[in-house]
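Colleague: I'd like to learn how to read a model like this one. Could we go through a few features together?

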Amino acid sequence: FFEMMQRAGFSLFRRSTPRLWNRTQQTRSLFTPCSVSYDIRDFHCAEPLMSEETFHRHYFEIYLPLFKKLNHLVSESEHKNEKSLLQVIRNTLDSPGESDLYNVASNVHNHMLFFENLENRHHVDFDKMSESSKQKILDNFTSMERLQHEFLCHAESMYGSGWIWLVDRRGALEVVSTHDNYSAEGTADSVTTILCLDMWEHSFWKDYGIRRELYMENFWKNVNWRVVDQRLQQADLNNQNASRISI
């Protein structure tokens, strides 16, 4: 399986400090998984959030196979020359006859954000964030406990499958949830994802059953704060650019 994925062009096994995934531009003709900071060959890499069995199924059996379907659907569509997956999502949102492409593209996009903002628990360090990023979270939520509580409220109130997001919307941070494959930042260019949590049952049911609060508790033990910091900085740049354009 691993040799097959390597021949297909997937760089699966490099553990390094990855560059933040640029979801507005992908230079390859085929969409491929973004790099992550943990070794995916170690199926324990996402514990305690996901068990060995759940991570293997989630990453290798659900997430990676989506790319073959995505690239096929894109190649057969009018979007075949589009290099931005985010733009494919925005172009196909509520577009008649393109629901399959939208759902697959958004599913891949959301999973990329989710896996990118995870970290091996042994390397999780809140101090990897800059002081300005820490302050922005405190300015919007007053404390980390308040931010975590808002995530928990969305998790407990969610009916069915979906995603929970911390997003920057024109400079303000807020926690929102979406159902099915909908992406928070796929709806508007004024939204930048800061954190993404998968709330589909394949992410937690095997390990937690109905105990979503424990899933949420363990999520914070695997957050990659360096990625959060990079995304907050990117959100500031996006907002500055948007302000210049509006002027």
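**A buried asparagine**

Modeller: Let's start with Asn117, which counts as buried because its relative accessibility is 0%, and the cut-off for buried is under 20%. Keep in mind that this is a predicted model.

Colleague: Where does Asn117 sit along the chain?

Modeller: Asn117 belongs to the loop that links α5 (99–116) and α6.

Colleague: And which residues does Asn117 touch?

Modeller: Leaving out residues up to four places away in sequence, the contacts of Asn117 include Leu195, Cys196, Phe219 and Arg231. With Cys196 there is a polar pair to look at: a polar atom of the Asn117 side chain lies 2.8 Å from the backbone nitrogen of Cys196.

Colleague: Now the sheet. What is the order of its strands?

Modeller: The sheet is open, with 3 strands in the order β2-β1-β3 and antiparallel pairing. β2 (172–179) and β3 (191–198) are the edge strands, each pairing on one side only. On average, neighbouring strands are turned by 25 degrees against each other, direction ignored.

Colleague: How many bridges join β1 to β2?

Modeller: There are 8 bridges between β1 (residues 162–169) and β2, and the two run antiparallel. To get the register, take Leu166, which stands opposite Val175 in β2.

Colleague: Which helix packs on the sheet?

Modeller: That's α6 (residues 131–141), which touches β1 and β2, and its direction makes about 75 degrees with that of β2.

Colleague: What about backbone torsions? Which sign does phi have at Asp180?

Modeller: Positive: phi is about 55 degrees at Asp180, although this residue is not a glycine. Asp180 lies in the loop between β2 and β3.

Colleague: Is Asp180 buried, partly exposed or exposed?

Modeller: Asp180 is partly exposed, because its relative accessible area is 42%, and that class runs between 20% and 50%. Beyond four places in sequence, Asp180 touches Ser161, Gly162, Trp163 and Trp200. Its C-alpha atom is 9.6 Å from that of Ser106, with the two residues 74 apart along the chain.

Colleague: What is phi at Asp94?

Modeller: Phi is about 60 degrees at Asp94, again positive in a residue that is not a glycine. Asp94 is in the loop between α4 (85–92) and α5. At 64% relative accessibility Asp94 counts as exposed, because the cut-off is over 50%.

Colleague: Last one: where is the cis peptide bond?

Modeller: Look at the bond from Glu47 to Pro48, which is cis, with omega near 10 degrees. Pro48 is in the loop between α1 (2–7) and α2 (52–63).

Notes:
Residues numbered from 1 in each chain as written. Predicted model: local features only at pLDDT ≥ 70, side-chain atom pairs only at ≥ 80, totals over all residues. Heavy atoms only, no water. Pairing = 2+ DSSP bridges. Helix = DSSP H or I, 4+ residues; strand = E, 2+ residues; numbered from the N terminus. Axes fitted to C-alpha atoms, helices over the stretch in contact; angles between N-to-C directions. Contact = heavy atoms within 4.5 Å. Buried < 20%, exposed > 50% of the residue type's maximum accessible area, 1.4 Å probe, protein only. Polar contact = N/O pair within 3.5 Å; in protein donor to acceptor, adjacent residues only side chain to side chain.
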